[in-house]
Amino acid sequence: MPGTLTRPELTAADRCDRCGAAAKLRAVLPSGGELLFCGHHGREFEPRLREMDAELQQDDQ
């Protein structure tokens with residue numbers, strides 16, 4: 001029986017695609033693409049990502 005695919009937790013090595021700061025938000029787009037954002041850019045783009053039905057994974061640390 002195949003297992004469920006999950007994405008790994010964000011680590012210190014994951015960087016924001018906009019500015020290079022530590023990533024705090026992973027957005028998985030409906031097309032399958034993935035974007036990483038720092039807290040600042042995550043808050044900026046979160047409303048639009050939700051409109052696009054992106055799956056959002058936040059780093060709780």
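**View 1. Aspartate 14 and its surroundings.** Aspartate 14 is buried (under 20% relative accessible area, with exposed meaning over 50% and partly exposed in between, 1.4 Å probe, protein chains only), yet aspartate 14 has no salt bridge (a side-chain nitrogen of Lys or Arg within 4 Å of a carboxyl oxygen of Asp or Glu). The nearest side chain of opposite charge (Lys and Arg count as positive, Asp and Glu as negative, and His and the chain ends are not counted) is arginine 26, 4.4 Å away. The model is predicted: local features need pLDDT of at least 70, side-chain atom pairs count only at pLDDT 80 or more, and totals for chains, interfaces and linings use all residues. Residues are numbered from 1 along each chain as its sequence is written, and side-chain values use heavy atoms, with hydrogens and water left out. Aspartate 14 belongs to the segment before E1. A polar atom of its side chain lies 2.7 Å from the backbone nitrogen of threonine 11. Leaving aside residues up to four places away in sequence, aspartate 14 touches Glu9, Ala21, Ala22, Ala23, Arg26 and Leu36 (contact means heavy atoms within 4.5 Å).

**View 2. The whole protein chain.** One helix and three strands are present in the protein chain (DSSP runs numbered from the N terminus: helices are H or I with at least four residues, strands are E with at least two). From the N terminus on, their order is β-β-α-β. Along the principal axes, the C-alpha atoms fill a box of roughly 40 × 30 × 20 Å. Of the 61 residues in the protein chain, 31% are buried. The protein chain exposes about 4,500 Å² (Shrake-Rupley method with a 1.4 Å probe; for residues, only the protein chains shown count as cover), and carbon and sulfur atoms supply 50% of this area.

**View 3. Leucine 29 in the loop between two strands.** Leucine 29 sits in the loop that runs between strand E1 (25-28) and strand E2 (34-37). With a relative accessible area of 18%, leucine 29 is buried. Not counting residues up to four places away in sequence, leucine 29 touches Leu35, Leu49, Met52 and Ala54. Aspartate 17 is twelve residues from leucine 29 along the chain, and their C-alpha atoms are separated by 14 Å.

**View 4. The salt bridge of glutamate 34 and arginine 7.** The side chains of glutamate 34 and arginine 7 meet in a salt bridge (3.0 Å, N to O). This pair links distant parts of the chain, with glutamate 34 in strand E2 and arginine 7 in the segment before E1, 27 residues apart. Glutamate 34 counts as partly exposed at 37% relative accessibility. Arginine 7 is partly exposed, with a relative accessible area of 37%.

**View 5. Salt bridges in helix H1.** A search of the whole structure finds five salt bridges. In one of them, the side chains of arginine 50 and glutamate 46 meet at 2.7 Å, N to O. Arginine 50 and glutamate 46 are separated by about one helical turn, because they are four residues apart in helix H1 (residues 39-51). Arginine 48 forms a salt bridge with glutamate 51, and the closest N and O atoms are 3.3 Å apart. Both residues of this pair lie in helix H1, three residues apart, about one turn of the helix. Arginine 48 counts as partly exposed at 48% relative accessibility, whereas glutamate 51 is exposed, with a relative accessible area of 59%. Elsewhere, salt bridges that share partners join Arg7, Arg26 and Glu34 into one network.

Methods. A polar contact is a pair of N or O atoms within 3.5 Å; within protein, one must be able to donate a hydrogen and the other to accept it, and residues adjacent in sequence count only if both atoms are side-chain atoms.
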